[in-house]
Amino acid sequence: MVKTQIRSRGVKSQSVLSAMEQIPRHLFVPEKFTHLAYHDYPIPIGHDQTISQPYIVARMTELLAPDVGDQVLEIGTGTGYQAAVLATMGTKVISLERIPALAEGARENLQRARIQNVTVFVTDGTLGWEDMAPYDGIIITAATPAIPPPLMQQLADDGRLVAPVGTAQIQELIRLTKKFQGILTERFEGVRFVPLIGEYGWNT
Ligand code: SAH
């Protein structure tokens, strides 16, 4: 998977590649899809949600470029796989999920994969998690119409936020960096995610 889907498409970050080589992705997909765990597409995880295609996880993590020891906030825990990649890179992860059953499943997946340093909370992630702010990195793994203001407030100086921003049908990957002079915005390729639902997301 790492060689043919990720390295071959240009992801160079050694820490991303090695984290994804180590993590048993089959422990994060529903049992009936175990045989598809390392394939090149998203997989349904129940509740109308999906675990992202491996390449997209790699790409977003490379854009976030976390350092060892960083504290990272993830919005949209899903299966816990993205959180596992971040934690394996040496970060402390706070991950927020609105669907209680998915949060519980993610906690179990992370335990089975022996991943530490991930804390999952059930909440509307568009509000962030003020208690542990500020965050060196924030990653939104659901499509959002705009960046929820509380998340920008909870981002540390020099921190980066990576998110798919656009309509419910199609988005582009955006990276915002909070600089002393203001916010640097960079735009990357088009992607397709399930919607972020909450106060600063969609309300359906
Ligand atoms: N990162 C996940 C996949 C994310 S799928 C993984 O590695 O498996 C998108 C997830 O975002 C879904 O689980 C969905 O329930 C969740 N979500 C949508 N809106 C949310 C919100 N406002 N707060 C927290 N989670 C949300």
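What follows is a short back-and-forth on why certain labels apply to this predicted model.

User: What makes the coordinates here worth reading in detail?

Analyst: Start with the confidence scores. The protein chain averages a pLDDT of 97, and 100% of the residues score at least 70. Confidence is lowest in strand β2 (residues 49-51), where the mean is 96, and highest in strand β3 (residues 71-75), at 99. The general caution is that predicted coordinates should not be read in detail where pLDDT is low.

User: Why is Arg59 called buried?

Analyst: Buried means under 20% relative accessible area. Arg59 comes in at 17%, so it counts as buried. Glu62 is buried as well.

User: And how do you know that Arg59 forms a salt bridge with Glu62?

Analyst: The test is a side-chain nitrogen of Lys or Arg within 4 Å of a carboxyl oxygen of Asp or Glu. In Arg59 and Glu62, the closest N and O atoms are 3.8 Å apart, so the pair passes. Arg59 and Glu62 sit three residues apart in helix α3, which means about one helical turn separates them. In general, an α-helix has 3.6 residues a turn, so residues three or four places apart point the same way.

User: What makes Arg59, Glu62 and Glu189 a network?

Analyst: Salt bridges link Arg59, Glu62 and Glu189. Besides the bridge to Glu62, Arg59 has one with Glu189, with the closest N and O atoms 2.8 Å apart. That pair links distant parts of the chain, with Glu189 in strand β9 (residues 182-191) and Arg59 in helix α3, 130 residues apart. The structure holds seven salt bridges.

User: Why is Glu189 called partly exposed?

Analyst: Partly exposed covers the range between the 20% cut-off for buried and the 50% cut-off for exposed. Glu189 has a relative accessible area of 28%, so it is partly exposed.

User: How do you know that Glu186 and Arg175 pair up too?

Analyst: Their side chains meet in a salt bridge at 2.9 Å, N to O, and the limit is 4 Å, so they qualify. This pair also links distant parts of the chain: Glu186 is in strand β9 and Arg175 in strand β8 (residues 171-179), eleven residues apart. Glu186, at 24% relative accessibility, counts as partly exposed, while Arg175, at 16%, is buried.

User: How do you know that the buried residues of α2 line one face?

Analyst: In helix α2 (residues 14-22), the buried ones are Val16, Leu17, Ala19 and Met20. Looking down the axis of α2, these buried residues fall within an arc of 165°, so they line one face of the helix. Gln14 and Gln22 are exposed residues on the face turned away from that buried side. What covers the buried residues of α2 includes α1 (2-6), α3 (54-64) and α4 (81-88).

User: What makes Gln82, Asp124 and Gly125 polar contacts of the ligand?

Analyst: A polar contact is a pair of N or O atoms within 3.5 Å. For Gln82, a backbone N or O atom lies 3.0 Å from an oxygen atom of the ligand, so that pair fits. Asp124 has a polar side-chain atom 3.0 Å from a ligand nitrogen, so that pair fits. In Gly125, a polar backbone atom is 2.8 Å from a nitrogen atom of the ligand, so that pair fits too. In total, 26 residues surround the ligand, and the closest are Thr79, Glu97, Asp124, Gly125 and Ile197.

User: Why is Pro150 called buried, and what does it touch?

Analyst: Pro150 has 11% relative accessibility and the cut-off is 20%, so it counts as buried. Pro150 is in helix α6 (residues 149-153). Leaving aside residues up to four places away in sequence, Pro150 touches Thr126, Leu127 and Tyr200.

User: What makes the backbone at Pro134, Asp48 and Asn117 worth a look?

Analyst: As a general background, most residues other than glycine have a negative phi, and most peptide bonds are trans. The bond from Ala133 to Pro134 is cis, with omega near 5°, and Pro134 lies in the loop between β5 (118-122) and β6 (135-140). Asp48 has a positive phi, near 65°, and is found in the loop between β1 (43-46) and β2. Asn117 also has a positive phi, near 70°, in the loop between α5 (100-112) and β5.

User: Why are Asp48 and Asn117 called exposed?

Analyst: Exposed means over 50%. Asp48 has a relative accessible area of 75%, so it is exposed. Asn117, at 52%, counts as exposed as well.

Notes:
Residues numbered from 1 in each chain as written. Predicted model: local features only at pLDDT ≥ 70, side-chain atom pairs only at ≥ 80, totals over all residues. Heavy atoms only, no water. Buried < 20%, exposed > 50% of the residue type's maximum accessible area, 1.4 Å probe, protein only. Helix = DSSP H or I, 4+ residues; strand = E, 2+ residues; numbered from the N terminus. Arc of directions from axis to C-beta. Contact = heavy atoms within 4.5 Å. pLDDT = per-residue confidence, 0-100. Near = heavy atom within 4 Å. Polar contact = N/O pair within 3.5 Å; in protein donor to acceptor, adjacent residues only side chain to side chain.
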